[in-house]
Amino acid sequence: MSQTALNLVAISVFLITFSSLLGPFIHLSPTVPALATFTILGIATLDSFGLQGKGGTIFLDWIASFSPEHRDRIIHHEAGHFIVAYLLDIPVTNYTLSAWEAWKQGQAGQGGVTFDDAELATQLEMGKISAQMLERYCTIWMAGIAAETLVFDNAEGGGDDKNKLAGVLTVLGFSESTCQQKQRFHALQAKNLLQENWSSYQALVKAMQQRASVTDCLSVISSAE
């Protein structure tokens, strides 16, 4: 069972416990938590056997989306990836801000910024990647964490970004300690780029909050430079 499905089961257990302890005091009908639990466990089952983890991810992301800070963090995180890719001449092809948006577009995970990474894929298939290309992508992958940290003083997201960076570096033969060093180094590189282009970054955040197209986002960045 996936970690997402396990999280859904944990929520179900919490609902059952909550209704047992407090239900009589707040006059909560046993039917309500029972239906909620049945629905969540159904999603967990479908998630495990039919949706390869996407159903549970969408459900948990939907719950988290009720938090204004969560939504704000996602936009600032993805704007960090977007603008650093722009600054490093890696074409941005699309962006999504939720697991539901990502699923509708056939993407895995909770969404994010997508790039024209055909050149990177070609080099990885050949087993040899240029130092310049590697440096660019490592900085882009760490840019979301850097942006979150600058705005909120910490980063809650970025696990997938670290895994991407570590996965590529591992394939190329780098040690675990070197991967960690590169994470810190490229997070700092991304932070410097963001600070140097802060007005453009803030303009991009506002554009993404309005779900502007990629073309419009690029125009906003260019105009704010």
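Trainee: How much accessible surface does the protein have, and what share belongs to carbon and sulfur atoms?
Mentor: This is a predicted model. The accessible surface comes to about 12,500 Å². The share that belongs to carbon and sulfur atoms is 58%.

Trainee: What percentage of the residues is buried?
Mentor: Buried means under 20% relative accessible area. The protein has 225 residues. The buried part of them is 39%.

Trainee: How many helices and strands are there, and in what order do the elements run?
Mentor: The secondary structure comes to 11 helices and 2 strands. From the N terminus on, the order is α-α-α-α-β-α-β-α-α-α-α-α-α.

Trainee: What share of the contacts joins residues 24 or more positions apart?
Mentor: Take the contacts with a separation of 6 or more. Among these, residues 24 or more positions apart account for 64%.

Trainee: How many aromatic pairs does a search of the whole structure find?
Mentor: The search covers the whole structure. The number of aromatic pairs is 4.

Trainee: Why is the pair of Phe115 and Tyr137 classed as it is?
Mentor: A pair of aromatic rings is described by the distance of the centres and the angle of the planes. The centres of Phe115 and Tyr137 are 6.4 Å apart. Their planes stand at 90°, and over 60 degrees is the cut-off, so the pair is edge-to-face.

Trainee: Which elements does this pair link?
Mentor: Phe115 and Tyr137 are 22 residues apart, in distant parts of the chain. Phe115 belongs to strand 2, residues 113–115. Tyr137 sits in residues 131–152, which form helix 7.

Trainee: Are Phe115 and Tyr137 buried or exposed?
Mentor: The cut-off for buried is under 20%. Phe115 has a relative accessible area of 14%, so Phe115 is buried. Tyr137 has 2%, so Tyr137 too counts as buried.

Trainee: What kind of pair do Trp198 and Tyr201 form?
Mentor: Both residues are in helix 10, residues 198–209. They are 3 residues apart, so about one helical turn separates them. Their ring centres are 5.0 Å apart and their planes are at 35°, so the pair is tilted.

Trainee: Which of Trp198 and Tyr201 is buried, and which is partly exposed?
Mentor: Trp198 has 28% relative accessibility, so Trp198 counts as partly exposed. At 0%, the buried residue is Tyr201.

Trainee: Which residues do ring pairs link into a cluster?
Mentor: Two names are familiar from the edge-to-face pair, Phe115 and Tyr137. Ring pairs link them into a cluster with Trp141.

Trainee: Where does Arg73 lie?
Mentor: Arg73 is at 4.5 Å from a ring centre. Arg73 lies over the face of Phe152.

How values were computed
Residues numbered from 1 in each chain as written. Predicted model: local features only at pLDDT ≥ 70, side-chain atom pairs only at ≥ 80, totals over all residues. Heavy atoms only, no water. Helix = DSSP H or I, 4+ residues; strand = E, 2+ residues; numbered from the N terminus. Buried < 20%, exposed > 50% of the residue type's maximum accessible area, 1.4 Å probe, protein only. Contact = heavy atoms within 4.5 Å. Areas by Shrake-Rupley, 256 points an atom, 1.4 Å probe, with all protein chains shown as cover. Phe/Tyr/Trp six-rings, centres within 6.5 Å; stacked < 30°, edge-to-face > 60°. Lys NZ or Arg CZ within 6 Å of the ring centre and 35° of its normal.
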